[in-house]
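Dear colleague,

Here is the structure I promised to pass on to you. Please look through it at your own pace, and then read the notes underneath.

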Amino acid sequence: MKLGSRRVYSGRVLDLDIDTVQFPDGSVGELEMIRHSGASAVVPVLSADAAAEPEILLLRQFRHAADGAIWEVPAGRLDPGETPDACARRELREEAGLAAGRLTHLTTIYTTPGFTDEQIHLFVARDLTQGEHRREADEFMETRPFALGQILAMIHSGEIVDGKTIASLLFFSRFGLKL
């Protein structure tokens, strides 16, 4: 149970609080907590034939924290007052230049609940139409389609290392194919 909180940093992407909490055994302590507005991630399914193996668009994006470029699904944080599905549609358009005819919620996950309250809402997008991307100035990426089987092999081999991407693609491969 949270007994108190003090903000020690407020930034563009996150805030850092020191929370005073009472633990389940009754003891009291302090925890550093990163507060985040949340995010949405979307699996863009390119192929329209339900009988064929799905083809999915991935982004190879430069990430400073990863010290290089990594494979990801389109994703981004929620703007103030924005719904998760509106965020997923916006990020799909901005990063991949695609508009979704159908957008289906897969699940919502906590990224790292040991120190942040960030949740990512995972979606699958189908019936896509091509447009122009509108990437932000600090977004450097390329896009490439992959068959689902190839993506699963890339996860298994460690070529795909991004947590939200792994979660969304594995969830999609297990539960989302019929959605």
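The notes below go through confidence, the core, the aromatic pairs and a surface patch.

This is a predicted model, in which local features need pLDDT of at least 70 and side-chain atom pairs count only at pLDDT 80 or more, while totals for chains, interfaces and linings use all residues. Residues are numbered from 1 along each chain as its sequence is written, and side-chain values use heavy atoms, with hydrogens and water left out.

The mean pLDDT (the predictor's confidence in each residue, from 0 to 100) is 93 for the protein, and 94% of its residues reach 70 or more. Among the elements, which are DSSP runs numbered from the N terminus (helices H or I of at least four residues, strands E of at least two), strand 4 (residues 39-44) has the highest mean, 98, and strand 10 (residues 141-147) the lowest, 91.

The largest nonpolar core (buried Ala, Val, Leu, Ile, Met, Phe, Trp, Tyr and Cys residues joined through side-chain atoms within 4.5 Å) has 21 residues, and among those that touch the most other members are Val43, Ile56 and Phe172. At least two residues of this core come from each of strand 4, strand 5 (55-63), strand 9 (119-130), helix 2 (148-157) and helix 3, and helix 2 gives the most, with four.

There are two aromatic pairs in the structure, where rings of Phe, Tyr and Trp (its six-membered ring) pair if their centres lie within 6.5 Å, and planes under 30 degrees apart count as stacked, over 60 as edge-to-face and the rest as tilted. Trp71 and Phe146 are edge-to-face, at 5.0 Å centre to centre with 85 degrees between the planes. Because Trp71 lies in strand 6 (residues 68-72) and Phe146 in strand 10, this pair ties together parts that are 75 residues apart in sequence. Both Trp71 and Phe146 are buried (under 20% relative accessible area, with exposed over 50% and partly exposed in between, for a 1.4 Å probe and protein chains only).

The pair of Phe171 and Phe175 is tilted, because the planes stand at 55 degrees, with the ring centres 4.9 Å apart. These two residues are four apart in helix 3 (residues 163-176), and therefore separated by about one helical turn. Phe171 is partly exposed, at 23% relative accessible area, and Phe175 is also partly exposed, at 48%.

Finally, Val28, which lies in strand 3 (residues 28-35), counts as exposed at 53% relative accessibility.

Best wishes
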